[in-house]
Amino acid sequence: MGPLSARLLIQRGRPKSDRLGKIRSLDLSGLNLLSEHLDPKLLSRLKQLQELDLSNNQLETLPANLGLSHLRILRCTNNQLGDVTVLCQFPQLEELSLEGNPFLTVSDNLKVSFLLPRLRKVNGKDASSTCSQVENLNRELTSRVTAHWEKFMAALSPEEEAEKAQADFVRSAVRDVRYGPESLSDFTQWRVRMISEELVASGGTQVHEADISERPSKATATQEPRARPVASKRPGDVPVNLSPNKRVCTSPLAQVEGSPVGSAGSQTALQLEPLHFLQCHSKNNSPRDLETQLWACAFEPAWDEGQAGATSQTVATCGGEAVCVIDCQTGIVLHKYKAPSEEFFSVAWTALTVVTQAGHKKRWSVLAAAGLRGLVRLLHVQAGFCCGLIRAHKKAIATLCFSPTHETHLFTASYDKRIILWDIGAPNHDYEFQASQLLTLDTTSIALRLCPVASCPDAYLLAGCEGGCHCWDVRLDQPQKRRVCEVEFVFSEGAEATGRRVDGLAFVNEDVVASKGSSLGTICLWSWSQTWQGRGSGSTVAVVVLARLQWSPTELAYFSLSTCPGEGMVLCGDEEGNVWIYDVRPLVAQQPPPPAAPQAPTQILKWPQPRALGQTVNRTMVNMVVADPTFTYLTALTDSNIVAIWRRNQP
């Protein structure tokens, strides 16, 4: 398609007229238009245009001077747009559609809400909740920039030139003022610059929090009393969109109790402050839903160069028919993805480099989610849609994980007693995945946890299964594409040493493994390297135990443990709503033999009392608890449909 012509506009315009100035609605969808095809001189003749459809083209941006001041409805779905600030030229816009633009992010959604005060609907949904988020963020940013101004001006010497000092202030504010999740940093830094420049222009005497008009009735989450939690075992897609957070409450510091670990003496208890208790996985968003089980959560890694081992403060959670992406600092549910008739059991993150049709390289955070239906959904979190579907198994998928060394390699473990290694590949120009199957690993029982061996992730895979802890050779240079278990690890001697469920499995460091389930009331720390060196010709090998950790004596299963390798921490929930926290650095550093008695936890994080929660939660089970690698945020999932988030306060 070449440049637009007046004849084409008249053909596609409504009502029918031979004059461009009479057209009120114009459909330019599906014409493969490029940005340079939009001639501002021609389009500015559409003086009465109120509705414009530019969907299904190849637009990377819109010209800044289209002159369509009366435009009320704009559709730009399925394009290549990468910036929304140009939309400020449409001050009367009330409805906007931007779905299918893979390079727009959550920050762009917030910019749209800020720039267009009359906006009522975005992507067919009410815009009031996004506006509320913008107002809250803007209020906090204004306060922080103002405080930064006062501190900056107080430090100036009389000799410094005012003009240069003010320019330095804008740069320092953009560099130093931080608030909100990393996924919103583009928006927050954009607003910090605007607020700073406004402060400078007014000499520090005036700054407006936001030029956002009042919206009709903003929805608020209804708080309802909750009844008893229910204990159980776990046996057409809706697009991802910004969702209002359902914050139950914030509450005072949680109660903690604990005992020193090892013989080095008492350790300082962590100061953990409960920030948010969210009910964001409810069926039909009902606050009365207390039965949706929440099964897995994972922090999004920070993929930027120079941030190896760091994370964002963004966590993905799954349970019921929903996957949620939550900012831990603010409690905002950034995205919510629903799949009717699905029950999600597992989530895992990776990052991919994709090349646009224009040849630009982009870095994507991709979230894989799977569960009851045996399907793996690949979610493009920043843009907010499902961009891939893998029909991985005929039975439910219990767990999945990405390879730490190959960003496109994904392991899936199913109730069909198979583990499959997939290469999801890179998305094509239509942002579609073509997954291929690399390996099939046969199991004798259902795999519950997958864990590539930390020191050699391309060679071996550990799995905690209903029938024990097993290991497979996953080297791709071997000819066999279907393989059986290489070895089973046993944790005690005697006839009952094998075949015991292992429902918790994670590496504490390059060598030490934490596992749970093989022995009632304890978590086992064992050495991978020493155990592997002692392997003989048999199909089983006894693990070399470094220490045992005291845990709940419950006979209930499926409380998943996790580790925080950078901080030497092991975490696990229990049936009473407690979070057991272990600092195992003294244990893994000590010389053999291991301590005879199980070691007490560093502390036990108690579930806040009903009065602190502001509702009736008499008892709840913590199915899973994870921390980011810096142990700044802690997220716990319960069987009563609650996501709990704590923050560590540094001493």
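This report looks at one helix, its two helix neighbours, the cysteines, and two single residues in a predicted model.

## Helix α3 and its surroundings

Helix α3 spans residues 106-115, and because 9 of its 10 residues are buried, the helix is largely enclosed by the rest of the structure. The buried residues are Val106, Ser107, Asp108, Leu110, Lys111, Val112, Ser113, Phe114 and Leu115, a list in which Asp108 and Lys111 stand beside residues such as Leu110 and Phe114.

What covers these buried residues includes two strands, β5 (95-97) and β14 (333-338), together with two helices, α4 (128-154) and α6 (185-201). At the N-terminal end of α3, Thr105 acts as a cap, with a side-chain oxygen placed 3.2 Å from the backbone nitrogen of Ser107.

## How α3 meets α4

The axes of α3 and α4 cross at roughly 90° and come within 9 Å, which means that α3 is roughly perpendicular to α4. By class, the residues of this contact comprise 5 nonpolar, 5 polar and no charged ones.

On the α3 side the contact is made by Asn109, Leu110, Ser113 and Phe114, while on the α4 side the residues are Thr130, Cys131, Gln133, Val134, Leu137 and Asn138.

## How α3 meets α6

With α6, helix α3 packs at an angle of about 40°, and the two axes are 7 Å apart, so α3 counts as oblique to α6. The residues of this contact divide into 6 nonpolar, 2 polar and 3 charged.

Here Ser107, Leu110, Lys111, Phe114 and Leu115 of α3 meet Ser185, Asp186, Phe187, Trp190, Arg191 and Met194 of α6. Leu110 and Phe114 take part in this contact with α6, and they are also listed among the α3 residues that meet α4.

## Cysteines without disulfides

A disulfide is a covalent bond between the sulfur atoms of two cysteines. A search of the whole structure finds 0 of these bonds. In the case of Cys387, the closest cysteine sulfur belongs to Cys386 and lies 6.4 Å away, which is too far for a bond, given that a disulfide requires sulfur atoms within 2.5 Å. Cys456 is likewise in no disulfide, since the nearest cysteine sulfur, that of Cys471, is 8.0 Å away.

As for their surroundings, Cys387 counts as buried because its relative accessibility is 8%, whereas Cys456, at 22%, counts as partly exposed; the limit for being buried is under 20%.

## His470, a buried residue in a strand

His470 is found in strand β25, which covers residues 468-473, and with a relative accessibility of 7% it counts as buried. Its side chain reaches the backbone oxygen of Gly467 at 3.4 Å.

If residues up to four places away in sequence are set aside, His470 touches Thr444, Leu461, Leu462, Ala463, Cys465, Cys485, Val487 and Glu488.

## Gln434, an exposed residue in a loop

Gln434 has its place in the loop between β21 (418-423) and β22 (436-442), and its relative accessible area of 59% makes it exposed. Leaving aside neighbours within four places in sequence, Gln434 is in contact with Asp423 and Ile424.

Gln434 and Ile424 are 10 residues apart in sequence, and their C-alpha atoms are 6.3 Å apart in space. To set the two single residues side by side, His470 is buried, while Gln434 is exposed.

Definitions and conventions:
Residues are numbered from 1 along each chain as its sequence is written. This is a predicted model: local features need pLDDT of at least 70, side-chain atom pairs count only at pLDDT 80 or more; totals for chains, interfaces and linings use all residues. Side-chain values use heavy atoms; hydrogens and water are left out. Buried means under 20% relative accessible area, exposed over 50%, partly exposed in between (1.4 Å probe, protein chains only). Helices (H or I, at least four residues) and strands (E, at least two) are DSSP runs, numbered from the N terminus. Contact means heavy atoms within 4.5 Å. A polar contact is a pair of N or O atoms within 3.5 Å; within protein, one must be able to donate a hydrogen and the other to accept it, and residues adjacent in sequence count only if both atoms are side-chain atoms. Axes are lines fitted to C-alpha atoms, for helices over the stretch in contact, and angles run from 0 to 180 degrees between N-to-C directions. Angles under 35 degrees count as roughly parallel, over 145 as roughly antiparallel, 65 to 115 as roughly perpendicular and the rest as oblique. Ala, Val, Leu, Ile, Met, Phe, Trp, Tyr, Cys and Pro count as nonpolar, Asp, Glu, Lys and Arg as charged, and the others, Gly among them, as polar.
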